[in-house]
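Look at the sequence and the structure below. The questions that follow deal with charged pairs and surface exposure.

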Amino acid sequence: MSAGLVQTYRAFAHNNAWANHRLLTACAGLSQTEFEAPRTGFFPSLQRTLNHIYVIDLFYIDALEGGWIGPRAWENEVPYPSLSGLNPAQAAMDKRLLAICDALTPELLDGNVRINRDTRVQIERRDRLLMHLFQHQIHHRGQAHAMLSDTSVAPPQLDEFFAAGEAPLRAGEFAELGWTEETVWGP
């Protein structure tokens, strides 16, 4: 695996944090009632969908860090009933994922991660587990995005991350996150 592939995982971790920041910032315009309101989706509210992203992030990020939390991660399906708690918790989780990806090497990408499933230990290659986690986040953020479309708050565009020509569109939010294009993409 090339160093370019490692950089790709780092970029996906940054994209994840940026998309969560955008989506949760937009959701801050909702009342608590709107946040909890039943909506069409696998997890039938914005509150439940965004908390699901958090608890599954907790499950996998803990495993990637060598932890053993396992299914205890989702004992409480809504650990953060309001955005005032969820937003900083998700931002902290995103920073943990960024730290994991910033420490990656080609050898680590090929390495195995042990995942506590309570009744068994699942062994996954780190690169495949990261791809699985990124896909999970993208899938459920898409559902939350669709749910937000049914509110008075306009859903944010979440697909302006990778194109260099769209850097000006994300510069303000990158500054809020303490990033620059060089932070994400390197010199």
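**Salt bridges and the surface**

Q: Is E77 buried, partly exposed or exposed?
A: In this predicted model, E77 has a relative accessibility of 47%. Values under 20% count as buried and values over 50% as exposed. E77 therefore counts as partly exposed.

Q: Which residue does E77 meet in a salt bridge?
A: The pair links distant parts of the chain, with E77 in the loop between α3 and α4 and its partner in helix α3, 29 residues apart. The distance from N to O is 3.0 Å. The partner is R48.

Q: Which residue of the salt bridge between R39 and D150 is buried?
A: The two side chains meet at 3.9 Å, N to O. D150, in the loop between α6 and α7, has 60% relative accessibility and so counts as exposed. A relative accessible area of 14% is under the 20% cut-off, so the buried residue is R39.

Q: What is the relative accessible area of R170?
A: R170 lies in helix α7 and E181 in helix α8, eleven residues apart. Their side chains meet in a salt bridge at 2.8 Å, N to O. E181 is partly exposed at 21%, whereas R170 is buried, with a relative accessible area of 0%.

Q: Which residue of helix α6 belongs to a nonpolar surface patch?
A: The patch is formed by F12, I138, F162 and W185, with about 340 Å² of accessible area together. Helix α6 covers residues 126-148. The residue in that helix, partly exposed at 38% relative accessibility, is I138.

Technical notes
Residues are numbered from 1 along each chain as its sequence is written. This is a predicted model: local features need pLDDT of at least 70, side-chain atom pairs count only at pLDDT 80 or more; totals for chains, interfaces and linings use all residues. Side-chain values use heavy atoms; hydrogens and water are left out. Patches are made of residues with over 30% relative accessible area and no salt bridge: like charges are joined within 9 Å, nonpolar side chains (Val, Leu, Ile, Met, Phe, Trp, Tyr) within 5 Å. Accessible areas come from the Shrake-Rupley method with a 1.4 Å probe; for residues, only the protein chains shown count as cover. A salt bridge is a side-chain nitrogen of Lys or Arg within 4 Å of a carboxyl oxygen of Asp or Glu. Helices (H or I, at least four residues) and strands (E, at least two) are DSSP runs, numbered from the N terminus. Buried means under 20% relative accessible area, exposed over 50%, partly exposed in between (1.4 Å probe, protein chains only).
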